[in-house]
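Got the viewer open? Then let's walk through this one together, stop by stop.

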Amino acid sequence: MIGYLTNEQFLPELKAELKNIRATYGGLVLTDGPLQTSVWAQNIWLNPEIISFESVSQAGKALKERGKLWAVYSTDQHRRAQLIQDQLLKVKPRVMNFLGPLPDMPIGAWTLIDKNTLIASSETNSLFPLGEVRFNEDKKNPPSRAYLKLWELFTVYGIKPKPGERVVDFGSCPGGWTWVLQQVGCHVVSIDRAPLEPHIAALPRVEFKKTNAFNVKPEDIGAIDWFFSDIICYPEKLLELVQTWQSSGLCRNFVCTIKFQGKTDFETLRKFQDLPNSHVQHLYHNKHEVTVWIRTSSP
Ligand SMILES: C[S@@+](CC[C@H](N)C(=O)[O-])C[C@H]1O[C@@H](n2cnc3c(N)ncnc32)[C@H](O)[C@@H]1O
């Protein structure tokens with residue numbers, strides 16, 4: 001049995017991608033059989049057990065026997081869940097610095113499914129409680145909160161360009177991604193139909209082009225190390241853009257946000273997943289969108 005936890009907003013997406021569903025509790029979906037690839041899970045519970053107990057102290061003891069640190073996923077019976085959690089070692093908030101070290105202690109996850117039954121998984125796929133990645137945010141410099149998506153990708157997944165690399169940032173206004181890319185030492189060709197915030201446009205190594213991204217030909221930009229896109233557009237338009245750049249041979253690393261308007265476009269999402277070397281994940285900082293990265297050169 002494996003458990004897949006998501007923000008309940010994305011439960012329909014999670015359930016659509018999983019096979020062999022056994023039960024659902026809030027945003028937690030339990031499946032039979034081996035681990036499945038999941039785009040929409042925020043936290044995967046790798047060894048969940050269903051545990052019956054009589055008292056709060058018995059529940060606490062059962063959890064302590066199985067692991068040191070625990071995060072509680074509380075959907076119902078919040079007070080009882082909290083009383084059990086209070087029996088356990090207090091978890092310090094794991095607030096990350098951009099590119100800072102990851103937590104070094106694993107953390108389990110558990111939930112109460114009725115008064116006398118809990119589900120506990122001492123192993124999960126994330127070092128963050130319930131997969132919630134929190135940062136010491138920069139409230140001063142970035143002009144939008146979109147920068148947190150790149151902070152998460154660079155810090156938690158280790159997918160990031162090197163200083164001195166040349167990158168393009170499509171759909172860059174007001175400039176959160178351009179700011180992050182500039183901060184890590186890249187030369188940024190920043191493209192949007194709308195202007196960048198002046199303090200971002202004025203940064204060194206930022207070259208802004210005010211134009212429609214879909215009219216830009218790869219030859220107009222030349223060889224780049226990374227293609228970034230946070231453009232608001234239909235997923236199939238983004239796929240075309242990525243494929244145009246892939247076939248130009250002028251870029252081998254891609255990071256894009258696939259944004260859904262209204263219904264989730266599972267068909268195009270699948271096409272992105274089928275691209276060689278692609279990885280698609282709903283990041284903690286993604287809204288109704290997912291992040292795809294494609295790396296075809298060695299890091
Ligand atoms: C979500 S915002 C990007 C936020 C940005 N990544 C940041 O960190 O501040 C999406 C952007 O896509 C731009 N956009 C939409 N269609 C575009 C197009 N055809 N060409 C260029 N930019 C486009 C919009 O102008 C908007 O600024």
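We'll begin at the ligand and then move out to the chain around it.

A little housekeeping: this is a predicted model, in which local features need pLDDT of at least 70, side-chain atom pairs count only at pLDDT 80 or more, and totals for chains, interfaces and linings use all residues. Residues are numbered from 1 along each chain as its sequence is written, and side-chain values use heavy atoms, with hydrogens and water left out.

**Stop 1: the ligand's surroundings.** Select everything with a heavy atom within 4 Å of the ligand. You should get 19 residues, and the closest are Ser144, Trp177, Asp192, Ala213 and Asp230. Colour that shell by class and you'll find 8 nonpolar, 7 polar and 4 charged residues (Ala, Val, Leu, Ile, Met, Phe, Trp, Tyr, Cys and Pro count as nonpolar, Asp, Glu, Lys and Arg as charged, the others, Gly among them, as polar).

**Stop 2: N and O pairs.** Show the side chain of Ser144: an N or O atom there is 2.8 Å from an oxygen atom of the ligand. Next, pick the backbone of Gly176, where an N or O atom lies 2.9 Å from a ligand oxygen. Over at Asp230, a polar side-chain atom sits 2.8 Å from a nitrogen atom of the ligand. How much of the ligand's 600 Å² does the protein bury? The protein covers 87% of what the ligand exposes when taken alone (accessible areas by the Shrake-Rupley method, 1.4 Å probe).

**Stop 3: the annotated stretch.** Now highlight 144–232, which an unreviewed UniProt entry marks as "domain: Ribosomal RNA methyltransferase FtsJ"; such annotations may be inferred rather than shown by experiment. Its end C-alpha atoms are 15 Å apart, and the chain here is 29% helix and 22% strand (DSSP runs of at least four residues for helices, at least two for strands).

**Stop 4: two backbone oddities.** Most residues other than glycine have a negative phi, and most peptide bonds are trans. Zoom in on Cys173 and Pro174, joined by a cis peptide bond with omega of about 5°. Pro174 is in the loop between strand E11 (166–170) and helix H5 (176–183). Finish at Gln77, not a glycine, yet with a positive phi of about 50°; look for Gln77 in the loop from strand E6 (70–72) to helix H3 (78–85).

Terms used
A polar contact is a pair of N or O atoms within 3.5 Å; within protein, one must be able to donate a hydrogen and the other to accept it, and residues adjacent in sequence count only if both atoms are side-chain atoms.
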